[in-house]
Amino acid sequence: MNFTQQLVNGIVLGHAYALIAIGWTVLLGVARLVNFGHGQMYMLGAFVTWYGVSRLGLPYFVAIPLAMLIGVAVGYVMQRVMLQLTLKQDLVSIMIVTLGFGYVLHGAAALFFGSTGQILETPFSVKDIYWGDLWITYQDIAIVIAAILFFAALKYVIDRTRIGRLARMVAEDPQLAQLAGVNVRRVYLGVFAFEGAAVALAAALVAPRTPILTSMGFDEVIITFVVVVLGGIGSVTGSYVAGLALGLFTAFFGAFVSPAYATAAAFAVLIAVLVVRPGGLAVSPGAR
Amino acid sequence: MTIRPVLEATDLKVAYGGNVALDLSHIAVRERELVGVVGANGAGKSTLVNALLGWSRGAPKVSGKVMLDGRDMSALPPHERVRSGLLLIPEGKLVFTQMSVEENLATSVDVPHDVQGRRHYSVDDVYALFPRLYERRHHLGSQLSGGERQMLGIARALRLGPRALLLDEPSIGLAPRLVSTVLETVRSLVDSGLTVLLVEQNVRAAIEVVDRLVLLERGRIIAEGPASEMRDNPRIAEAYLGAHVA
């Protein structure tokens, strides 16, 4: 086993996981909501990017914002449909509705894009760097850089800007936020739209690493769930750390033991962590 | 000439399930007036101020008309009423506990500066009013004492440019010395031009600062009048001021 290669793989995988999970982290942190259609939104982001690049002939950097725009629209429509459930915080119904939304997205995508596997080729995915035994693609480097920039920007927005303060007010107490003149419905809509954009960005960057299928999405939801819970519900920093930790764990477990059991082992770690630290790995409850 | 009240509600009715918690035909607060609403637990005091703002942590059925400066607020959601200048400082959780005092005082929505009758308080204004908040400006809301949270709750509302302020039991949980400090601050705000509806269980303290007193029982107004006259009202004197009425 090449230790350095596994370390690089783990870092890339970790940043990919963190990027895939960030939309859900914000959704949970601000609106205390879940979205089990998250994986299918990831799939849609990947396919819209692929369609833009392969069928419409758009440059990759144009296809990415297009996928994000579609993600925003899907998130917005989803939240409009279940606004009343959101305001009542009816979590069971929201789980079922979002799960159903995921299946609708899956069906619609299969109808539009077909059910055969595709390869999302980008200007980065075909360029490799070899350094001794070490191998990495430009796409991997793009994932790491984009994830770091995205998390840093998000942390800045949440901690330092008015829009971030609005989100934190709603996260802490939506009723009290109303008394400060905050339109809570609009914040919820914004958070869902953000989730759609974030997961589409993640898909556009991460999906070129593997073949894409309209039936994918389940693994992404599971990864997101583990990252979000490990990182501490709603913690942006916690999600980044948890994503990275999960990526490194998966890479090394796959190399030392077997990739076939990596997901099961990740869940074993999740259970162990939650027994010791019910709030996840975040430094303190409510940490951002 | 009749002076139009700043805040007025007519036929205001609130029900939880089938239980009517409030049933008022009319209540009004005039310009620069401090009206106290008193009554026993469950009389409907908090229900009244919450209904005026259309706000609740529960899900009551509210009907009736609420007017602010003659403008019908009834169809507006709470955040729109707040932006129109009707501010509520609720009982219980008053501040964002995971934010610093400074962040609590930073307005997160645009407050119109050109509306007549609305006074705008800068951060310096509220620090001048509550110097203790300036000393604690870097502390989280969760690190403040009950009195400091009450001050921050009022200061937060002032930052939003109130036309009328609804205060729900500001004395609850405070030491007696702090109760009079808070109520005197409210009085000084009214003297400087604010219009306030104050819900208070501590009748003895409230009657010292209010202009008019309204007595609620089981969701209905059973007595109201100038504070000086209400002090001699047998119901008030016996039940709330500890006087023995022969």
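The expected span of a helix is 1.5 Å times one less than its number of residues. Keep that in your pocket for the first exercise, and remember that you're working with a predicted model.

**Exercise 1. Check the length of helix 2 of chain A (residues 38-55) against its expected span.**

Solution.
- Start with the count: helix 2 of chain A has 18 residues.
- Next, apply 1.5 Å a residue, which gives an expected span of 26 Å.
- Now look at the model: the C-alpha atoms at the two ends are 25 Å apart, so expectation and model agree.
- While you're there, check how covered the helix is: 14 of the 18 residues are buried, so "mostly covered" is a fair description, given that buried means under 20% relative accessible area.
- Then step just past the helix, where you'll meet Gly57(A) with a positive phi of about 70°.

**Exercise 2. Describe the side of chain B that touches chain A.**

Solution.
- Begin with the contacts: 19 residues of chain A are in contact with 26 residues of chain B.
- Put an area on it: the two chains bury about 2100 Å² between them, with 51% of that on carbon and sulfur atoms.
- Ask who gives up the most on the chain B side: His79(B), Phe96(B) and Ser108(B) lose the most area to chain A, together 30% of what that side buries.
- Turn to the polar part: seven residue pairs are in polar contact across the interface (both at pLDDT 80 or more).
- Find the elements involved: in chain B, helix 2 (78-83) and strand 6 (86-89) each supply at least two residues of this side.
- Helix 2 of chain B has the largest share, with four residues.
- Finish with the classes: 14 residues on this side are nonpolar, six are polar and six are charged.

**Exercise 3. Count the salt bridges between chain B and chain A, and look at one of them.**

Solution.
- The count between these two chains is three.
- One pair to find is Lys93(B) with Glu172(A), whose closest N and O atoms are 2.9 Å apart.
- For the wider picture, the count over all chains comes to 19 salt bridges.

**Exercise 4. Work out how Asp159(A) and Lys155(A) are placed along helix 6 of chain A (residues 138-160).**

Solution.
- First the link itself: their side chains meet in a salt bridge, 3.0 Å from N to O.
- Now the spacing: the two are four residues apart in helix 6, so about one helical turn separates them.
- Here's the general idea: an α-helix has 3.6 residues a turn, so residues three or four places apart point the same way.
- Last, exposure: Asp159(A) is partly exposed at 22% relative accessible area, and Lys155(A) is partly exposed too, at 29%.

**Exercise 5. Find out which parts of chain B the pair Glu169(B) and Lys45(B) ties together.**

Solution.
- The side chains of this pair meet in a salt bridge of 3.7 Å, N to O.
- Locate each partner: Glu169(B) sits in the loop between strand 7 (164-168) and helix 7 (176-191), while Lys45(B) belongs to helix 1 (residues 45-53), so the pair joins parts 124 residues apart in sequence.
- Check the covering: both residues are buried.

**Exercise 6. Trace two more sets of salt bridges in chain B, starting with Arg187(B) and Asp191(B).**

Solution.
- Arg187(B) and Asp191(B) make a salt bridge of 3.0 Å, N to O.
- Both lie in helix 7 of chain B, four residues apart, or about one turn of the helix.
- Arg187(B) is buried, with a relative accessible area of 18%.
- Then move on to a network of salt bridges that links Arg30(B), Glu33(B), Arg212(B) and Glu224(B).

Technical notes: Residues are numbered from 1 along each chain as its sequence is written. Chains are lettered from A and ligands numbered from 1 in the order in which they are written. Side-chain values use heavy atoms; hydrogens and water are left out. Contact means heavy atoms within 4.5 Å. Buried area is the accessible area (1.4 Å probe) that two parts lose on being put together, summed over both. A salt bridge is a side-chain nitrogen of Lys or Arg within 4 Å of a carboxyl oxygen of Asp or Glu. A polar contact is a pair of N or O atoms within 3.5 Å; within protein, one must be able to donate a hydrogen and the other to accept it, and residues adjacent in sequence count only if both atoms are side-chain atoms. Ala, Val, Leu, Ile, Met, Phe, Trp, Tyr, Cys and Pro count as nonpolar, Asp, Glu, Lys and Arg as charged, and the others, Gly among them, as polar. Buried means under 20% relative accessible area, exposed over 50%, partly exposed in between (1.4 Å probe, protein chains only).
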